[in-house]
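Good morning, and thank you for the time. Please look at the structure on the screen while I take you through a few of its parts.

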Amino acid sequence: MHEEYPVEKSDYTRAGEASASIKRILKQLGISGSVLRRIGVACYEVELNLVIHSDGGVLSLDVDSDAVTLTSADRGPGIPDIQMAMREGYSTASEEARSLGFGAGMGLPNMKRNADDFFIESEPGKGTTIRMSFRLG
């Protein structure tokens with residue numbers, strides 16, 4: 001199964017809709033509660049990162065018999081220092097995002113903590129790809 005969800009820059013009104021849809025689909029497929037919770041947290045974090053930090057992108061869901069994989073691919077601006085961005089509490093969120101209660105600097109660390117496999121690649125000026133896998137067995 002493959003699904004794609006476009007996510008637009010600064011679309012705070014719709015932020016979380018893709019994550020909610022993905023969670024509904026996975027629940028209907030019978031994914032266990034403990035795995036579903038971890039996927040839900042990571043999915044919401046990556047979707048909000050698309051809204052807050054990117055110029056827009058796509059959140060993809062892939063499900064097979066062994067794993068659920070979430071892939072976020074955006075159109076920029078990229079992350080200049082991934083090691084710094086992975087530190088808890090580090091944030092480059094705008095004042096607008098912070099005024100709405102987002103941007104605490106826990107997004108990437110929460111994704112890595114909840115995923116069984118976590119991959120991030122970024123090039124300043126080009127974009128960022130995050131891939132997370134969650135084993136089903």
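I begin with one residue, Asn114, which is buried, with a relative accessible area of 8%. Please keep in mind that this is a predicted model. Asn114 lies in helix α5. Setting aside residues up to four places away in sequence, Asn114 touches Arg37, Arg38, Val41, Ala42 and Phe134. Its C-alpha is 20 Å from that of Glu17, and the two residues are 97 apart in sequence.

Let us now widen the view to the helix itself. How many of the eight residues of α5 are buried? Six of them are, so α5 is largely enclosed by the rest of the structure. The buried residues of α5 are Gly107, Leu108, Pro109, Asn110, Met111 and Asn114. The elements that cover these buried residues include α2, α3 (82-85), β4 (117-123) and β5.

I turn next to how helices pack. In general, two packed helices are described by the angle between their axes and the distance between the axes. For α2 and α5, the axes come within 9 Å and cross at roughly 150°. Angles over 145 degrees count as roughly antiparallel, and α2 and α5 are therefore roughly antiparallel to each other. Is their crossing left-handed or right-handed? The crossing of α2 and α5 is left-handed. On the α2 side, the contact is made by Arg37, Arg38, Val41, Ala42, Glu45, Val46 and Asn49, and on the α5 side by Gly107, Leu108, Asn110, Met111 and Asn114. Sorted by class, this contact has five nonpolar, four polar and three charged residues.

The second pair consists of helix α1 (residues 17-28) and helix α2 (residues 33-53), which pack at an angle of about 160° with their axes 8 Å apart. Here too the angle leads to a description: α1 and α2 are therefore roughly antiparallel to each other. The crossing of α1 and α2 is right-handed. From α1, the residues in contact are Glu17, Ala18, Ser19, Ile22, Lys23, Leu26 and Lys27; from α2, they are Leu36, Ile39, Cys43, Tyr44 and Glu47. By class, the contact of α1 with α2 has seven nonpolar, one polar and four charged residues.

We come now to the nonpolar core. Which of the 35 residues in the largest nonpolar core touch the most other members? They are Leu26, Leu59 and Met132. At least two residues of this core are supplied by each of β1 (2-7), α1, α2, β2 (57-63), β3 (67-74), α5 (107-114) and β5 (127-135). The largest share, ten residues, comes from α2. As for Met132, its contacts beyond four places in sequence are Ala42, Val46, Val68, Thr69, Leu70, Met111, Ala115, Asp117 and Phe118.

I close with a residue in a strand. Phe119 is found in strand β4. Is Phe119 buried or partly exposed? With a relative accessible area of 36%, Phe119 is partly exposed. Buried means under 20%, and Asn114, at 8%, is buried. Leaving aside neighbours within four places in sequence, Phe119 is in contact with Thr129, Ile130 and Arg131. Phe119 and Ile25 are 23 Å apart from C-alpha to C-alpha, with their positions 94 residues apart in sequence numbering.

Thank you for your attention.

Key. Residues numbered from 1 in each chain as written. Predicted model: local features only at pLDDT ≥ 70, side-chain atom pairs only at ≥ 80, totals over all residues. Heavy atoms only, no water. Axes fitted to C-alpha atoms, helices over the stretch in contact; angles between N-to-C directions. Helix = DSSP H or I, 4+ residues; strand = E, 2+ residues; numbered from the N terminus. Parallel < 35°, antiparallel > 145°, perpendicular 65-115°, else oblique. Left-handed = near helix turned anticlockwise from the far one by under 90°. Contact = heavy atoms within 4.5 Å. Nonpolar A, V, L, I, M, F, W, Y, C, P; charged D, E, K, R; others polar. Core = buried A, V, L, I, M, F, W, Y, C linked by side-chain atoms within 4.5 Å. Buried < 20%, exposed > 50% of the residue type's maximum accessible area, 1.4 Å probe, protein only.
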